[in-house]
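This report is a short reading of one protein chain. Please keep the sequence and the structure in view while reading.

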Amino acid sequence: WARSAEAHAKENALTAKPYSAVLAPLFRDQCRRASKVAAQDLRTVDDDTYLMLEVFSEVYGLFLVAMAPVMGDDEAAWKISLNALRSMVTCNGPTVRHWCSYNLPAVTVTCGAARHGALKGVIAAMSGDTDVETRATLAAGIHEVTAVLANSKLRGELINSIGQLMTDSNNQVRVNALQNFARLIELLIEPTTTGEPSQLTQIFQSLDLMSQEGWRTQEILANQLENAAHLIPPEILCEHVATVCFQMARESTYIVRKASIFALIKAARYISDIRRRDHLLEHFRKQWARGKVYWTRVAYLDGAERAYHIFSNQLFNQIFATELLQMAKDPVANVRLRLVRLFRSLTPLSMSWVGFQEALDSLCGDKDDQVAQEARDLKNDLPGLATVTE
């Protein structure tokens, strides 16, 4: 009934008699029944009663969406409906609570801004639930809940719950919350609102824990940070994001390292304080372009390629040109080969650098055959590449 009613509610809820005459009374009765049963110790109720509660908790969201047009402004009916949710959220049946977390996005959208107060405590209860499936399901849909409640009276509770989910003891819960991190930041950040960074500190503090996860989680984190960098306050970019990116880049796999460097470069682009930005990039240059192990220098080249697409030419030249030219003398052939390919990507910008031709000539005479061949090919192609780019 619930699935059929929800499927046809948009067209028929206000006109078809079964909605008001049959389904609405049925829904209210089931809500009252659910509230009564959920208030009991579910270990003591009979199997049929508990099964009906589980089934109702599963279709509760569908029923609420279908009945919302019928209830309209009938606050008494809404109170009965939402009280059922509150009772089920706090019952001692984990499957029931799991279905409540599954239905929460639909509930927040349907009940309307005027009734969000009735959900106070619900998100906090779910984010701290003892059942892992309940928390994991909530984390997977928390961005949908945030889309509705980000600027409501429940904002503080919502932010605390997101922070709790991202520092959860269970890895799957943390990953589910992280999957939509950039979307969460987009919804929660309000650049014109004072005090915003401090409100979100808890969420960004959780990044330290997540940066120590397995490489798949680290890659997700790095990609999400890159996607959200333009939204994050500059002080948080400096204090949390850059630190986490450096840590993951140094301690993880090549895939994570590359994603972390990309996120770091994107973060640097949106640090408005020039002094702090230059300090960050100076550290990047000293520790990575001049790193003692070759993979740090390869990572620097990856970062340079990414920066070329998001920095102005003037800033890119200021930060990268000198170091890139010096890397033509790198002792590792793979680094020099990667440099030649980067020079091709940077054409014609790199052609304007003082010392570029000398560096390219040096690479053309490289002792490694592949480096020398690709450098000669690049030199021969330069006139055409410059014309095409222009």
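The text below goes through aromatic rings, helix contacts, a cis peptide bond and some residues that meet across the sequence.

## Aromatic rings

The model is a predicted one. It contains 16 aromatic pairs. A pair of aromatic rings is described by two quantities, the distance of the centres and the angle of the planes. Two of the pairs are set out here.

| Pair | Centre to centre | Angle between planes | Arrangement |
|---|---|---|---|
| F56 and Y60 | 5.8 Å | 75° | edge-to-face |
| F316 and F320 | 4.9 Å | 25° | stacked |

Why do F56 and Y60 count as edge-to-face? The angle between their planes is 75°, and planes over 60 degrees apart are put in that class. F316 and F320 have planes 25° apart, and an angle under 30 degrees counts as stacked.

Where do F56 and Y60 lie? Both are in helix α3, which covers residues 47–71, and they are four residues apart, about one turn of the helix. F316 and F320 are likewise four residues apart, in helix α19 (residues 313–326), and about one helical turn separates them. An α-helix has 3.6 residues a turn, so residues three or four places apart point the same way.

Are these rings buried or exposed? F56 is buried, with a relative accessible area of 4%, and Y60 is buried too, at 1%. F316 has a relative accessible area of 0% and is buried. F320 also counts as buried, with 0% relative accessibility.

F316 and F320 also belong to a cluster linked by ring pairs. Its other members are F284, W288, W295, Y300, Y308, F311, F343, W353 and F356.

Rings also lie under charged side chains in this model. R269 lies over the face of Y270, 4.8 Å from the ring centre. The charged end of R306 is placed over the ring of F262, at 5.3 Å from its centre.

## Helices in contact

Helix α17 (residues 274–289) and helix α18 (residues 294–310) have axes that come within 8 Å and cross at roughly 140°. That angle makes α17 oblique to α18. Which residues make the contact? On α17 they are F284, R285, Q287, W288 and A289, and on α18 they are W295, T296, R297, A299, Y300 and G303. Of these names, F284, W288, W295 and Y300 are also found in the ring cluster.

Helix α7 (residues 132–149) and helix α9 (residues 171–178) form another such pair, with axes that come within 7 Å and cross at roughly 10°. The two helices are therefore roughly parallel to each other. The contact involves V132, R135, A136, A139 and A140 of α7, together with V173, N176 and A177 of α9.

## One side of α21

Which residues of helix α21 (residues 356–364) are buried? They are F356, A359, L360, L363 and C364. These residues cover an arc of only 145° around the axis, which puts them on the same side of α21.

Ahead of α21 is the loop that follows α20 (333–346), and P348 is found in this loop. The peptide bond that joins T347 and P348 is cis, with omega about 10°. As background, most peptide bonds are trans.

L382, in helix α22 (residues 369–389), is in contact with residues from this part of the chain. Leaving aside its neighbours within four places in sequence, L382 is in contact with T347, M351, F356, Q357 and L360. F356 and L360 are among the buried residues of α21, and T347 is a partner in the cis bond. L382 is buried, with a relative accessibility of 4%.

## Apart in sequence

L382 and R344 are 38 residues apart in sequence, with their C-alpha atoms 8.2 Å apart in space.

K79 of helix α4 (residues 75–89) gives another example. K79 and A118 are 39 residues apart in sequence and 8.1 Å apart in space, C-alpha to C-alpha. K79 counts as exposed, at 57% relative accessibility.

S312 is found in the loop between α18 and α19. S312 counts as partly exposed, with 43% relative accessibility. The C-alpha atoms of S312 and R269 are separated by 9.6 Å, while the residues are 43 apart along the chain. R269 is the residue that lies over the face of Y270.

Key
Residues are numbered from 1 along each chain as its sequence is written. This is a predicted model: local features need pLDDT of at least 70, side-chain atom pairs count only at pLDDT 80 or more; totals for chains, interfaces and linings use all residues. Side-chain values use heavy atoms; hydrogens and water are left out. Buried means under 20% relative accessible area, exposed over 50%, partly exposed in between (1.4 Å probe, protein chains only). The arc is that of the directions from the helix axis to the C-beta atoms. Rings of Phe, Tyr and Trp (its six-membered ring) pair if their centres lie within 6.5 Å; planes under 30 degrees apart count as stacked, over 60 as edge-to-face and the rest as tilted. A charge sits over a ring if NZ of Lys or CZ of Arg is within 6 Å of the ring centre and within 35 degrees of the ring normal. Axes are lines fitted to C-alpha atoms, for helices over the stretch in contact, and angles run from 0 to 180 degrees between N-to-C directions. Angles under 35 degrees count as roughly parallel, over 145 as roughly antiparallel, 65 to 115 as roughly perpendicular and the rest as oblique. Contact means heavy atoms within 4.5 Å.
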